[in-house]
Amino acid sequence: MEQLKTIPVRQVVLANSTVLPHDVVRTAVKRSGLIGSPLQMDRVQELARFLKRWYARKGYGKLKHTKEGFEVCFSFQQKY
């Protein structure tokens, strides 16, 4: 786990999402600053805030009241 603090995030994938359009995910990831930086909790939280606001604007209310669920998967790029 200690190594994850230095390896940049290469990709973020939201698996099992049936509601979120790919362009919304792409924008959220870009705005969060996750790509190219080591994994940081504040950036993950920024991603979550953006997605929560998107759901609210679309009328889904709180995520726990919808059937939508997804996993956030991170890919890391090892520097050699």
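# A β-α-α-β chain and its salt-bridge network

Reading from the N terminus, the elements of the protein chain follow the order β-α-α-β. That gives 2 helices and 2 strands in the protein chain. Please keep in mind that this is a predicted model. Below we look at the chain as a whole, then at the salt bridges around Glu46, and then at Ser32, which has Glu46 among its contacts.

**The chain as a whole**

- The protein chain has 80 residues, and buried residues make up 25% of them.
- About 5900 Å² of the protein chain is exposed, with carbon and sulfur atoms supplying 52% of that area.
- Among contacts in the protein chain with a separation of 6 or more, 72% are between residues 24 or more positions apart.

**Salt bridges around Glu46**

- How many salt bridges does the model contain? The count comes to 2.
- One of them joins the side chains of Glu46 and Arg49, with N to O at 2.9 Å.
- Both Glu46 and Arg49 belong to helix α2, which covers residues 41-57. They sit 3 residues apart there, about one turn of the helix.
- Glu46 also forms a salt bridge with Arg53, and here the closest N and O atoms are 3.9 Å apart. This pair still qualifies because the cut-off for a salt bridge is 4 Å.
- Which residues are joined into one network by salt bridges that share partners? They are Glu46, Arg49 and Arg53.

**Exposure of the network residues**

- Glu46 has a relative accessible area of 25%, so Glu46 is partly exposed.
- Arg49 is partly exposed as well, at a relative accessible area of 39%.
- Arg53 has 40% relative accessibility and therefore also counts as partly exposed.

**Ser32 and its surroundings**

- Ser32 is part of helix α1, which spans residues 22-32.
- Is Ser32 buried or exposed? With 6% relative accessibility, Ser32 counts as buried, because buried means under 20% relative accessible area.
- A polar atom of the Ser32 side chain lies 3.4 Å from the backbone nitrogen of Leu34.
- Which residues does Ser32 contact, leaving aside its neighbours within four places in sequence? Ser32 is in contact with Arg43, Glu46 and Leu47.
- Glu46 therefore appears in two settings: Glu46 is a contact of buried Ser32, and Glu46 is also joined with Arg49 and Arg53 in the salt-bridge network.

How values were computed. Residues numbered from 1 in each chain as written. Predicted model: local features only at pLDDT ≥ 70, side-chain atom pairs only at ≥ 80, totals over all residues. Heavy atoms only, no water. Helix = DSSP H or I, 4+ residues; strand = E, 2+ residues; numbered from the N terminus. Buried < 20%, exposed > 50% of the residue type's maximum accessible area, 1.4 Å probe, protein only. Polar contact = N/O pair within 3.5 Å; in protein donor to acceptor, adjacent residues only side chain to side chain. Contact = heavy atoms within 4.5 Å. Areas by Shrake-Rupley, 256 points an atom, 1.4 Å probe, with all protein chains shown as cover.
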